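Here are some short exercises to work through with the model open beside you. Try each task before reading its solution.

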Amino acid sequence: MKDEIRAAIRKMKAGKATGPDKISVEMIEALEEFGIEKVTELLNEIYDTGQIPTDISKSIFIALPKKPGATECELHRTISLMSHITKILLRIVMLRVRNKIKPEIAEEQCGFVEGKGTTNALYILRTLIERALEVQKDVYLCFIDYTKAFDRVRHDEIITQLVKLKTDGKDLRVIKNMYWEQTAAMRVGNDISSYQKIKRRVRQGCVLSPDLFLYTVRSSCET
């Protein structure tokens, strides 16, 4: 609905780089009601057919060095330039899917959870250690390093877990096609590589990624 489009646009930050389609959220806002109407028509067609236009399923990755002079891949972080139209669509789908995913996330989870943060977990941990020192008790900590965990998530596992949640068929189809049909290219300076299919990992820069990652990893660990 138009109200969902407006709400999604209000949530998006201004001044963000555009994806391969070169359409920014500011352009849509400048068109006022006409822009909202056209985006609503497009997203309804995608939602009803499940077919994702090629232009909005593409992303461009840019590698940024974590420190000056970095040459190894591990010393870079990547950002993804994604279509703003895609971001609007996925933000709407996210709100619908989150109603099913949120009850499945443990109360102890702080990262990637609205209203919480890792600072909450650090505060709790610090408090426990201080209390343990006061009463001279030992504290045992276990740290699990999920190295490049976002990059390890399998697409078929994401869909399997969403099916178990009885996700709405149209929402599931949009997510599945967005993952199955997505392509990406690397940009170095002004040069862009050829587009290649992405066969694994949650989508870089996608608002759905944190929710899908948390639920998929939690379900896989339980299994």
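**Exercise 1. The two sides of a helix**

Which exposed residues does the face of α1 turned away from its buried side carry?

Solution. Keep in mind that this is a predicted model.
- Step 1: start with the buried side. In α1, which covers residues 2-11, I5, A8 and I9 are buried. They lie on the same side of α1 because they cover an arc of only 100° around the axis.
- Step 2: turn to the face pointing away from that side. There you find the exposed residues D3, R10 and K11.
- Step 3: ask what the buried residues of α1 meet. They pack against α2 (25-30), α3 (32-49) and α4 (84-101).

**Exercise 2. The chain as a whole**

Describe the order of elements and the overall extent of the protein chain.

Solution.
- Step 1: count the elements. The protein chain has 9 helices and 5 strands.
- Step 2: read them from the N terminus on, and the order is α-α-α-β-β-α-α-α-α-α-β-β-β-α.
- Step 3: take the dimensions. The C-alpha trace spans about 65 × 45 × 35 Å along its principal axes.
- Step 4: look at burial and contacts. Of the 223 residues, 36% are buried. Among contacts with a separation of 6 or more, 68% join residues 24 or more positions apart.
- Step 5: finish with surface and charge. About 14400 Å² is exposed, and carbon and sulfur atoms supply 54% of it. There are 37 positive and 31 negative side chains, with the centres of the two sets 3 Å apart.

**Exercise 3. The largest nonpolar core**

Which residues have the most contacts inside the largest nonpolar core, and which element gives the largest share of this core?

Solution.
- Step 1: recall the background. In soluble globular proteins, nonpolar side chains tend to be buried together.
- Step 2: find the centre of the network. The largest nonpolar core has 41 residues, and L43, I88 and I175 have the most contacts inside it.
- Step 3: list the contributors. The elements giving two or more residues to this core are α1, α2, α3, α4, α7 (155-164), α8 (169-180) and α9 (209-222). The largest share, 9 residues, comes from α4.
- Step 4: zoom in on one hub. Leaving aside residues up to four places away in sequence, I175 touches V93, V97, I159, L162, L208 and L212.

**Exercise 4. Two loop residues**

Is I105 buried or exposed, and what does I105 touch? Then do likewise for E181.

Solution.
- Step 1: place I105 in the loop between α4 and α5 (118-134). Its relative accessibility is 17%, so I105 counts as buried, the cut-off being under 20%.
- Step 2: list its partners. Not counting residues up to four places away in sequence, I105 touches V113, L214 and Y215. I105 and D211 are 106 residues apart in sequence, with their C-alpha atoms 9.0 Å apart.
- Step 3: place E181 in the loop between α8 and β3 (183-188). At 41% relative accessibility, E181 counts as partly exposed. With residues up to four places away again left out, E181 touches S57 and K197.

**Exercise 5. Positive phi**

Where does K22 lie, and where is Q136 found?

Solution.
- Step 1: most residues other than glycine have a negative phi.
- Step 2: K22 has a phi near 65° and lies in the loop between α1 and α2. At 57% relative accessibility, K22 counts as exposed.
- Step 3: Q136 has a positive phi of about 55° and is found in the loop between α5 and α6 (149-152). At 73% relative accessibility, Q136 counts as exposed.

Key: Residues numbered from 1 in each chain as written. Predicted model: local features only at pLDDT ≥ 70, side-chain atom pairs only at ≥ 80, totals over all residues. Heavy atoms only, no water. Buried < 20%, exposed > 50% of the residue type's maximum accessible area, 1.4 Å probe, protein only. Helix = DSSP H or I, 4+ residues; strand = E, 2+ residues; numbered from the N terminus. Arc of directions from axis to C-beta. Contact = heavy atoms within 4.5 Å. Areas by Shrake-Rupley, 256 points an atom, 1.4 Å probe, with all protein chains shown as cover. Lys, Arg positive; Asp, Glu negative; His and termini not counted. Charge placed at Lys NZ, Arg CZ, Asp CG, Glu CD. Core = buried A, V, L, I, M, F, W, Y, C linked by side-chain atoms within 4.5 Å.
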